[in-house]
Amino acid sequence: MEEFIFDTQLLIEGHDLDEDEINEYFVTHFQGDCLLVVGDEDLIKIHFHTNEPWKVLEYAASLGDIHDIVVENMKLQAMGLKG
């Protein structure tokens, strides 16, 4: 069974975004795994498995406009349900 059940994905659109700083913030402030932070100073893609996706969304929204948000329950998916 997975320790972190929510697959959280989103885009952050903003100015002067720094993927290294965002990655470091995730590592030091959130519990989770499978972190992916890629992009440039105007657009960042986030992929993260966590049990507290609302914290990820709150932080991301503090950096810029967030969109293309996907939060899926991987536990339900593994059971054959929608997720």
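Let's call a residue buried when its relative accessible area is under 20%, exposed when it is over 50%, and partly exposed in between, using a 1.4 Å probe on protein chains only. With that cut-off, T50 is buried, at a relative accessible area of 2%.

A word on what you're looking at. This is a predicted model, where local features need pLDDT of at least 70 and side-chain atom pairs count only at pLDDT 80 or more, while totals for chains, interfaces and linings use all residues. Residues are numbered from 1 along each chain as its sequence is written, and side-chain values use heavy atoms, with hydrogens and water left out.

Back to T50, which sits in strand 3; helices (H or I, at least four residues) and strands (E, at least two) are DSSP runs, numbered from the N terminus. Take contact to mean heavy atoms within 4.5 Å. Not counting residues up to four places away in sequence, T50 then touches F4, I5, F6, T8, Q31, G32 and V56. A polar atom of the T50 side chain also lies 3.1 Å from the backbone nitrogen of E52.

V56 takes us over to helix 2, residues 53–63, where the buried residues are P53, V56, Y59 and A60. Seen down the helix axis, these fall within an arc of 125° (taken from the directions from the axis to the C-beta atoms), so they line one face of helix 2. What do they pack against? The buried residues of helix 2 pack against strand 1 (6–13), helix 1 (19–29), strand 3 (43–50) and strand 4 (65–73). Flip to the other side of helix 2 and you find W54, E58 and S62 exposed.

Now for the largest nonpolar core, which has 13 residues. Such a core is a set of buried Ala, Val, Leu, Ile, Met, Phe, Trp, Tyr and Cys residues joined through side-chain atoms within 4.5 Å. The residues with the most contacts inside this one are I12, I22, F26, I44 and I46. Strand 1, helix 1, strand 3 and helix 2 each supply at least two of its residues. Try clicking on I44: leaving aside neighbours within four places in sequence, I44 is in contact with L10, L11, I12, L17, E19, I22, V37, V38 and G39.

Finally, a couple of backbone angles. D16 has a phi near 55°, a positive value in a residue other than glycine. D16 belongs to the loop between strand 1 and helix 1, and is exposed at a relative accessible area of 72%. C34 also has a positive phi, near 55°, but its place is in strand 2 (residues 33–39). C34 is partly exposed, with a relative accessible area of 44%.

Conventions: A polar contact is a pair of N or O atoms within 3.5 Å; within protein, one must be able to donate a hydrogen and the other to accept it, and residues adjacent in sequence count only if both atoms are side-chain atoms.
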